[in-house]
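Colleague: Please take a close look at a single part of this model, one residue and the place around it, and then go on from there to the rest of the chain. I would like one connected account that a first-year student can follow step by step.

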Amino acid sequence: MDELRDRVEIVDALYRFGLGQDLRDRELLASAFAETAELDFGPAAARWGGEAPLMTGRDLIADTITGLFAGRVDTTHVVTNPRIHIDGDSARLTALVEAQHLLTGDHGTHALLKNVYDVVLIRDGTRWVVRRMRIENIWYTGDPTAIFGP
């Protein structure tokens with residue numbers, strides 16, 4: 001029963017990350033991360049010639065993402081195919097995430113991404129949080145400026 005609960009909580013960290021963005025809920029987004037977490041979107045951005053710096057720290061991650069999208073981008077994230085390996089108080093999660101980004105003022109400008117998330121998590125009390133997240137892009141369609149701007 002404990003392993004089932006852990007598996008649900010591990011995937012929930014990724015759900016909180018995606019849904020926090022979709023609902024524009026900074027606190028929900030931040031709750032997915034450990035205080036010293038790292039988020040590496042660089043490999044995905046490089047796929048279309050973009051750059052994204054490594055983000056370190058829960059507050060920087062949450063502030064950067066919410067600030068980047070606020071009033072500019074509408075998002076939806078769909079998580080599928082989660083695979084989990086638990087080793088004591090740490091875990092590894094891989095999952096496919098489809099992320100739709102549409103300019104708020106012009107839904108005709110959009111980017112649809114299919115990404116592989118490679119996530120290292122740690123137990124924080126009864127909750128699991130992301131220690132490190134690396135996002136790689138499998139394919140995309142649309143205009144990536146819908147994510148980062150021109």
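**Phe148 and its surroundings**

Modeller: Leaving aside the neighbours within four places in sequence, Phe148 is in contact with Phe41, Ala45, Trp48, Ala52, Leu68 and Arg72. These contacts belong to a predicted model, and Phe148 itself lies in helix H5, which covers residues 145–148. The relative accessible area of Phe148 is 30%, and because buried means under 20% and exposed means over 50%, Phe148 counts as partly exposed. Separation along the chain is another thing to keep in view, since Phe148 and Asp124 are 24 residues apart in sequence and their C-alpha atoms are 32 Å apart in space.

Phe148 also leads us to the largest pocket, where Phe148 is one of the residues that lie nearest the centre, together with Phe41, Met55, Ile65 and Leu68. Two of these names, Phe41 and Leu68, have already appeared among the contacts of Phe148. The largest pocket has a volume of about 270 Å³, and its lining is made up of 20 residues, which divide by class into 14 nonpolar, five polar and one charged. Helix H1 (2–22), helix H4 (58–69), strand S4 (90–103), strand S5 (106–124) and helix H5 (145–148) each supply at least two residues of this lining, and H4 gives the most, with four residues.

From the pocket we can turn to the largest nonpolar core, which has 38 residues, and among these Phe17, Phe33, Leu93 and Met133 touch the most other members. In soluble globular proteins, nonpolar side chains tend to be buried together. If residues up to four places away in sequence are not counted, Met133 touches Leu14, Phe17, Phe33, Glu38, Leu39, Asp40, Tyr117, Asp118 and Val119, a list that includes both Phe17 and Phe33 from the core.

Thr141 gives a second partly exposed position to set beside Phe148, with a relative accessible area of 39%. Thr141 is placed in strand S6, residues 127–142, and touches His110, Ala111 and Leu112 when residues up to four places away in sequence are left out. Between Thr141 and Arg92, which are 49 residues apart along the chain, the C-alpha atoms are separated by 28 Å.

The backbone also deserves a careful look. Most residues other than glycine have a negative phi. Arg24, however, is not a glycine and yet has a positive phi of about 55°, and Arg24 lies in the loop between H1 and helix H2 (26–30). Asn81 likewise has a positive phi of about 55° although Asn81 is not a glycine, but its place is in strand S3, residues 73–87, where Asn81 is partly exposed with a relative accessible area of 49%.

Finally, we can step back to the whole chain, whose secondary structure comes to five helices and six strands, in the order α-α-β-α-β-α-β-β-β-β-α from the N terminus on. The radius of gyration is 15 Å, close to the 15 Å that the globule rule gives for 150 residues, so the chain is as compact as a globular protein of that length. Along its principal axes, the C-alpha trace spans about 45 × 25 × 25 Å. Of the 150 residues, 43% count as buried, and among contacts with a separation of 6 or more, 60% come from residues 24 or more positions apart.

Technical notes
Residues are numbered from 1 along each chain as its sequence is written. This is a predicted model: local features need pLDDT of at least 70, side-chain atom pairs count only at pLDDT 80 or more; totals for chains, interfaces and linings use all residues. Side-chain values use heavy atoms; hydrogens and water are left out. On a 1 Å grid over the protein atoms alone, a cavity is a set of points where a 1.4 Å probe fits but cannot get out, and a pocket is an open set with protein on both sides within 12 Å along at least five of seven lines; lining residues have an atom within 4 Å of a point. Grid points are joined across faces, edges and corners, and a volume is the space filled by probe spheres set on the points. Ala, Val, Leu, Ile, Met, Phe, Trp, Tyr, Cys and Pro count as nonpolar, Asp, Glu, Lys and Arg as charged, and the others, Gly among them, as polar. A nonpolar core is a set of buried Ala, Val, Leu, Ile, Met, Phe, Trp, Tyr and Cys residues joined through side-chain atoms within 4.5 Å. Buried means under 20% relative accessible area, exposed over 50%, partly exposed in between (1.4 Å probe, protein chains only). Contact means heavy atoms within 4.5 Å. The radius of gyration is taken over C-alpha atoms; the globule rule is 2.2 Å times the number of residues to the power 0.38.
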